[in-house]
Amino acid sequence: MRIATWNVNSIRARVERVTDWLERADVDVLAMQETKCSDEQFPTMPFLAAGYEVTHCGFNQWNGVAIASRVGIDDVQVGFDGQPTWSDKPEVEAAAEARALGATCNGVRVWSLYVPNGRFIGSPHYLYKLQWLAALRDTGHKWLSDDPGAQIALVGDWNIAPTDEDVWSVEFYRGSTHVTEPERQAFDAVVEAGFTDVVRPFAPGPAVYTYWDYTQLRFPKNRGMRIDFVLGSPALAKRVAHAEIVRDERKSGKDRIGAPSDHAPVLVELESLRC
């Protein structure tokens, strides 16, 4: 079973590129972030034509998460238990942020996550980001306490570079979000709750990234960040046979369909469950 995550940076602009890669890479389940559209605007038909069911959560041109699967989509849940929301209106649900979507695909509980950016250190959005991650850690810990054998994949754009080697220049990002100690501690807390970065052993750093800004030739110069991850529960981590960051899909050119996202997909291959 092959599971991938990809911040697509507007699915309507990149649907042909995404579905083309799904077929070429033989992906069974794809979690997407930053779809940047409402449910009504999501381009479902190209996915159906390629053999994938889709579930999506989006409300406008911001955020948006989706899961496409050719091995079934069951028990869909918008937002995880305890997920906070960015709003001063108590009646607004966390789902309105369109940042977390869960579904069970062939026995694996896949969560497509778009962690808040944080904007700048000290911003209310920065504090919200830390609260959001703390809630995910608490809920994830409960999932594993309730079922230690659960097959869970927490995947997506975490907007955190957990180590110095996950950015092209420590000095360049000094004083910025994504690299601060509280953010890294929040990421580590999810790991300590029982979830493993299953990709890094197959794609070790330094200078191995998942995101490159469009400006200043950042991609050709490989001046990027590693901020997209697949964190697996203990039972899922044992099944990982291969993983990779598909850097080529960040490229543009005549042999590519349309303009690229500023993120590359991250792909994990799982061994079949042993009876």
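Reader: Which residues form one aromatic cluster with Phe 80?

Author: Trp 111, Trp 132 and Trp 143 join Phe 80 in that cluster. Before we go on, this is a predicted model, where local features need pLDDT of at least 70, side-chain atom pairs count only at pLDDT 80 or more, and totals for chains, interfaces and linings use all residues. Residues are numbered from 1 along each chain as its sequence is written, and side-chain values use heavy atoms, with hydrogens and water left out.

Reader: What describes a pair of aromatic rings?

Author: The distance of the centres and the angle of the planes describe such a pair. Rings of Phe, Tyr and Trp (its six-membered ring) pair if their centres lie within 6.5 Å; planes under 30 degrees apart are stacked, over 60 edge-to-face, and the rest tilted. That rule gives 11 aromatic pairs here. Take Phe 172 and Tyr 173: the ring centres are 5.0 Å apart and the planes sit at 85°, so this pair is edge-to-face.

Reader: Are those two residues buried or partly exposed?

Author: One of each. Buried means under 20% relative accessible area, exposed over 50%, and partly exposed in between (1.4 Å probe, protein chains only). Phe 172 has 40%, so partly exposed is the word for that residue, while Tyr 173 has 10% and counts as buried. Across the protein, buried residues make up 56% of the 275 residues.

Reader: Where does Thr 5 lie?

Author: Look in strand β1, residues 2–7. Helices (H or I, at least four residues) and strands (E, at least two) are DSSP runs, numbered from the N terminus. The protein has six helices and 12 strands. Thr 5 is buried, at a relative accessible area of 1%.

Reader: What does the side chain of Thr 5 make a polar contact with?

Author: First the rule: a polar contact is a pair of N or O atoms within 3.5 Å; within protein, one must be able to donate a hydrogen and the other to accept it, and residues adjacent in sequence count only if both atoms are side-chain atoms. The side chain of Thr 5 has such a contact with the side chain of Gln 33, at 3.0 Å. A polar atom of the Thr 5 side chain also lies 3.3 Å from the backbone nitrogen of Gly 156. For plain contact (heavy atoms within 4.5 Å), and leaving aside neighbours within four places in sequence, the partners of Thr 5 include Leu 30, Val 155, Phe 229 and Pro 265.

Reader: How many disulfides does the structure hold?

Author: Zero, with a disulfide being a pair of cysteine sulfur atoms within 2.5 Å. For Cys 37, the nearest cysteine sulfur is that of Cys 57, 10 Å away. Cys 37 is buried at 0% relative accessible area, and Cys 57 is buried at 3%.

Reader: What radius of gyration does the protein have?

Author: It's 17 Å, which agrees with the value near 19 Å for a compact globule of 275 residues. The radius is taken over C-alpha atoms, and the globule rule is 2.2 Å times the number of residues to the power 0.38. Those C-alpha atoms fill a box of roughly 50 × 45 × 40 Å along the principal axes. As for contacts with a separation of 6 or more, 72% come from residues 24 or more positions apart.
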